[in-house]
Amino acid sequence: MSLHKLFTFLKYTFLKKELPSYFYKKNKYNPEEHPNIYVGMLKDFKNQIFVEEQALKLKGKWGEVFENKSLPIDLEIGCGNGTFFEYLAKTNPDRNFLGIEYKYKPLVQTIRRLKKAGLTNGCGIRFNAKDIDDIFAPSEINNIYIYFPDPWPKRKHEKNRLVRASFLNMLFKIQSQKGFIDFKTDSESYFDFVCAQVKNTSYKVQRHTRNLHQSEWARDNFITQFENIFIRQNLPTYYMRLVK
Ligand SMILES: C[S@@+](CC[C@H](N)C(=O)[O-])C[C@H]1O[C@@H](n2cnc3c(N)ncnc32)[C@H](O)[C@@H]1O
C-alpha cells in the first residue's frame, strides 16, 4: 500500500467517512481496454484531461498543467458538455480553468470543444467532486462555479446532494480569500436546502435571487445547456453567490 493510500485510509477511518471510490481501484485503468468509447478517447487529450490517479498527484501543483502557469485557477464542478466552460475560457484569457466531471462522455466533449476553439487555458479532471479536498491544496482555487448539480428532488435521496455544509467547508479550505462560489439550480427545494446549509459554514451570501432571469444579474448571465432546457419548460433559475 502506498503512503498516500495508507494516509487516506487512516484519515477516512478517523473521520468515519466512506472511503473515496478511487481507493478501491485494484487495476490500473487502461483506456484501450475500457468498454466506454469515451475512455478510449482520453489518450487524444492527454495533456488536457487528467484521471483520478493523476489528479491526486497534482494536488498543489495544478498551475503546472497549463501553458501559462502563473494565472489564477478557477473551477467548474460538474461541467457537463462544456458550453459554459468554453465560454469562460474564451472570455477570460487571463485565467486558467479546471472542469471536474465524473462522466467520461461530457468530460471529453468539454475538452474537445476547447481544443477545437484553440483554447489552452482549460483542462478537465475525471473525479468525483465529493472528495475534492483530496486533489486541491489550501487556497489553490479562486472562483468556483456549480451550475445545475443533480437535484435529487425526493426527500429520501436528499443525502446524495453534493452541495451541503460539509462540502462547502471543503471548498472554503481549497479556495483563496478573494474567490466566490456561484450556484445555480432549477430546483426550489435544493436552493432552500443550500440556503440552510450555508448557515453552517463561514461563507457569506452576497447575491441571492429566486428568479435570475428577472434580476439585476440577468444581463451578464451565460445560459448553460441545462439552464436552456429549464427555460423552455418555463422554470425559473435560482441563483446565489457566496463569498468568504
Ligand atoms: C445536470 S448536469 C449540469 C451540467 C452543466 N453544469 C450545465 O449547467 O449544463 C450535472 C453534471 O454534473 C456532473 N456531476 C454530478 N455529480 C458529480 C460529482 N459528484 N462529481 C463530478 N461531476 C458530477 C454530472 O455528470 C453532470 O454532467
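Reader: Which residues of helix α4 (residues 83-91) are buried?

Author: The model is predicted, so that local features need pLDDT of at least 70 and side-chain atom pairs count only at pLDDT 80 or more, while totals for chains, interfaces and linings use all residues. Residues are numbered from 1 along each chain as its sequence is written. A residue is buried if 20 or more other C-beta atoms, placed from the backbone, lie within 10 Å of its own, exposed if 12 or fewer, and partly exposed in between. In helix α4, a name that follows DSSP runs (helices H or I of at least four residues, strands E of at least two) numbered from the N terminus, the buried residues are F84, F85, E86, L88 and A89.

Reader: What covers the buried residues of α4?

Author: Contact here means that the C-beta atoms of two residues, placed from the backbone, lie within 7 Å. The cover over the buried residues of α4 includes one helix and several strands, namely α5, β2 (73-77), β3 (96-101), β4 (122-126) and β5 (144-147).

Reader: Against which elements do the buried residues of α5 pack?

Author: The buried residues of α5 are Y104, P106, L107, V108, Q109, T110, I111 and L114. They pack against α4, α2 (37-40), β1 (49-50), β3 and β4.

Reader: Which helix gives the largest share of the largest nonpolar core?

Author: A nonpolar core is a set of buried Ala, Val, Leu, Ile, Met, Phe, Trp, Tyr and Cys residues joined through C-beta atoms within 7 Å. The largest one has 51 residues, of which L75, L98, I100, I144 and I146 touch the most other members. The largest share of this core, 5 residues, comes from helix α5 (residues 104-116).

Reader: Which residues does I146 touch, not counting those up to four places away in sequence?

Author: I146 is one of the core residues that touch the most other members. Once residues up to four places away are left out, the residues that I146 touches are I77, G78, V163, I181 and F183.

Reader: Why do the buried residues of α7 line one face of the helix?

Author: In helix α7 (residues 188-198), Y190, F191, V194 and V198 are buried. They line one face because, seen down the axis of α7, they fall within an arc (that of the directions from the helix axis to the C-beta atoms) of 100°.

Reader: Which exposed residues does the opposite face of α7 carry?

Author: The buried residues of α7 have a cover that includes α6 (165-174), β6 (180-185), β7 (204-209) and β8 (238-243). On the face turned away from the buried side, the exposed residues are D192 and A196.

Reader: Which element gives the largest share of the shell around the ligand?

Author: The shell has 20 residues, the closest being G78, G80, A129, T224 and F226, where a residue counts as near if its C-beta atom, placed from the backbone, lies within 6 Å. The elements that give two or more residues to this shell are β3 and α8 (225-232). The largest share, 3 residues, comes from α8.

Reader: Is S139 buried or partly exposed?

Author: S139 is found in the loop between β4 and β5, and its phi is positive, about 65°, although S139 is not a glycine. Because S139 has 14 C-beta neighbours inside 10 Å, it counts as partly exposed.

Reader: What distance separates the C-alpha atoms of N36 and K105?

Author: N36 lies in the loop between α1 (3-14) and α2. N36 and K105 are 69 residues apart along the chain, and their C-alpha atoms are separated by 8.6 Å.
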